[in-house]
Each structure stands twice: as C-alpha cells, then as structure tokens.
Amino acid sequence: MEGKLFPRISDRRTLWKAWRKIKDKGSSGGIDQVTVEDFERNLEANLRRLSEELKTGSYVPEPGQAYFIEKPGSTEKRKITRSTVRDKVVQEAARTVIEPLFESRFKASSYAYRPGRGPIRALSALDVLLRESAVWVAVADIDDFFDSIDHGLLLRMVGERIWEEEVLRLVELWLKMGVMSGLSWNEKERGIPQGSIISPLLSNIYLHPFDCYMEEHKYSMVRYADNFVIVEESKRGAEKALRDAEELLAGELFLRLNPESREVRSAHEGFVFLGFFHRRGRRTISQGKLDRIQGSIKEMIRTSRNPHELNRRLGEAVRGWREYY
C-alpha cells in the first residue's frame, strides 16, 4: 500500500514552501559552496531535480560542513554542522510533513524546538512550579547529547510512528551522511548533526521516553533540549528524582549527565537555568552569561574593521540579548 507522507515530501509544492522558509531565514550554503542566491537563479530546475531524485530514490545528501562556536559559560567549543541549501530544502519539507505526527504525543514538560513554545514559556512554567511550595531543585544537562544519540534506537523510535520505507531511508541518510571537517570526512556512527533542520525534531523524539518516564513517576520537570530542572518539596525527593533520571538516561537511551552541571540545590539558595539565575522568585542574568556577553563585546571591538561595522555588529547583538532577556 502506498504511503501518504513521502509523496507530500517529494511534491514540488512542498519543496517550494520549504525553499521559501530557507530563503527567509537567510541560510548559508554547505560544502558545495552553492549559496541561497545561486540556488534561486535556477530555482524551478533545482526544485524539479530534487523532486525527481526523491521519487526515484536517487537523492543522496552531501556531508555536513563542520564549524565550531563557543559554549556559553565554558572554554569548550560546540560543533555545528552546516548542510547544503538543497539538503536544507528537503529536510525542511520532511520536517513540515512528519512533525505533526510526533508533536501531538510530546509531553508538556518539553519546551525546546516546538511550535508555540520556547525558552520564555519554559521559564514561565518553571516559575509556576517554584511558586507551588517547592523548595528544592535538581539541575542537570546531558553530556555531549547530540553526538551521543544512538542511530538504531532513534530509527526504531521514528519507525513507531512512520512505516514508510522512503521516509525512514531519508532519516537514515541524514544520520549517516557524515561531516567534513577541513579536508577530512568523518562518517557518523552515533549522534545527529547539531545545526541541521531535522535535528531538533529528532532530538525531541529521542528524549520522549525520558519525558514519559518522568511524568509517569510524577516528577515536576521542565526540559529545554538537553537541559532540565526537576522541582521537589524536599532535598531527598530531588536527589531521588535526579538518580532516577540518570539511571533511565543511561540504561535506556545510552546517555549520561554532565557531572559538572549535575546538582541538587535549595531554590532559596538559587540556581542557573537557561542563562538566568533563579532565586526567591526573581530572575537575573547569570554571571556566566554576563561574562560571555562582555567577552563578545570585547571581541567585536578587537576584530571590527571600522566604527560602522562595529556599530552594526553591536546593534545586532544587543537586539538579540534584549529580545531574549
């Protein structure tokens, strides 16, 4: 029996809508060095070719192009993968079609990469939990999350909602396509390419069993991607919740918590989550974030070629900080 999802993904109308989103985002290209402007010059032909490749099973994505950005409040760097424009168009088309199948099942505790949610909603939900007489929190993040995701387990999770082989083949191709770092190509055996369009949805699919477990055990949690806070009325309750979370993540999802971020604290003492320091019902920008902002400003001053460029870069950065904080 013919499926319904893949024909929609490979339809030129879906691909065209996906292209519009890619263009509106001002996306950059990947290792083929084809820019959005280049792709648009032969837009009809490029979308027609993509549609035909998908329908005939000859579509093969290019490896991602790796680059590194600093992690907030850390000397470490985070690897980001940049896909080609054509691959972004196909990923956006697939995401648009398959996301509703999973979105309807995701739990209320999950806030990252979801329509109508985001960090502001996550912080508001945390405020509500903290006001409900809870005084202890367990704070943690998953260590090296995107690079630790098990391909086989993720594909089985996707297959629980999608049975069409063509769609599953697409997801597997994106997992296995590998990454170019400099002149070397590295095949991916684990992990998903952070920075690709499809990765946020795949990451939520992978952590859905964790969200279900925490809800079934009646733990009050707010999760934003690989960061989460569990709110409890007692220190013992918070410690147990964190142990249970750690065991579930390690035993069933092959993930481990970052030992440097894993802690149980009194809500009155204060804790950091999503760049804010939370204490006694108030939120302020965390010291780590302030240090990073100051470092960014110094770097802009050092590297800008003229006052006009400095003014532009500072304006963009300040608008971003104001919008978030």
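Which residues in α5 meet which residues in α9? The legends below take up that contact along with several others, all in a predicted model.

**Figure 1. The whole chain, as a setting for the close-ups.** Before zooming in, here is the overall picture: the secondary structure of the protein chain comes to 13 helices and 11 strands. Along its principal axes, the C-alpha trace spans about 60 × 60 × 35 Å. The radius of gyration of the protein chain is 21 Å, which agrees with the value near 20 Å for a compact globule of 325 residues.

**Figure 2. Helix α5 against helix α9.** Here is the answer to the opening question: Val90, Gln91, Ala94 and Ile98 in α5 meet Val167, Leu170 and Trp174 in α9. By class, this contact has six nonpolar residues, one polar residue and no charged residues. Helix α9 covers residues 165-176, and its axis lies 12 Å from that of α5, at an angle of about 130°. The two helices are therefore oblique to each other. The crossing in which α5 passes α9 is left-handed.

**Figure 3. Helix α4 against helix α5.** In this view α4 (residues 43-56) packs on α5 (residues 85-103) at an angle of about 60°, and the two axes are 11 Å apart. That angle makes α4 oblique to α5. The crossing of α4 and α5 is right-handed. On the α4 side, look for Leu47, Leu50, Glu53 and Leu54; on the α5 side, the contact is made by Arg86, Val89 and Val90. Sorted by class, the residues of this contact are five nonpolar, no polar and two charged.

**Figure 4. Helix α2 across helix α5.** The axes of α2 (residues 12-24) and α5 come within 8 Å and cross at roughly 115°. That makes α2 roughly perpendicular to α5. Helix α2 passes α5 in a right-handed crossing. From α2, the contact draws on Thr14, Leu15, Ala18, Trp19, Lys21 and Ile22, while α5 offers Val85, Lys88, Val89, Val90, Glu92, Ala93, Arg95, Thr96 and Val97. These residues divide into nine nonpolar, two polar and four charged. Readers following Val90 of α5 from view to view will find that residue in the contact with α2, in the contact with α4 and in the contact with α9.

**Figure 5. A four-stranded open sheet.** In which order do the four strands of this open sheet run? The order is β6-β7-β3-β8, with antiparallel pairing. Strands β6 (220-224) and β8 (263-266) are the edge strands, each pairing on one side only. From one strand to the next, the twist averages 20°.

**Figure 6. Strand β3 beside strand β8.** A closer look at one pair: β3 (residues 136-141) and β8 pair in the antiparallel sense over four bridges. For Val139, the bridge partner in β8 is Glu263.

**Figure 7. Helices packed on the sheet.** Helix α6 (residues 119-131) packs on the sheet, where α6 touches β3, β6 and β7 (227-232). The direction of α6 makes about 165° with that of β6. Helix α10 (residues 199-216) also packs on the sheet, touching β6 and β7. For α10, the angle with the direction of β6 is about 170°.

Technical notes: Residues are numbered from 1 along each chain as its sequence is written. This is a predicted model: local features need pLDDT of at least 70, side-chain atom pairs count only at pLDDT 80 or more; totals for chains, interfaces and linings use all residues. Side-chain values use heavy atoms; hydrogens and water are left out. Axes are lines fitted to C-alpha atoms, for helices over the stretch in contact, and angles run from 0 to 180 degrees between N-to-C directions. Angles under 35 degrees count as roughly parallel, over 145 as roughly antiparallel, 65 to 115 as roughly perpendicular and the rest as oblique. A crossing is left-handed if the near helix is turned anticlockwise from the far one by less than a right angle, and right-handed if clockwise. Contact means heavy atoms within 4.5 Å. Ala, Val, Leu, Ile, Met, Phe, Trp, Tyr, Cys and Pro count as nonpolar, Asp, Glu, Lys and Arg as charged, and the others, Gly among them, as polar. Two strands pair if DSSP finds at least two bridges between them. The radius of gyration is taken over C-alpha atoms; the globule rule is 2.2 Å times the number of residues to the power 0.38.
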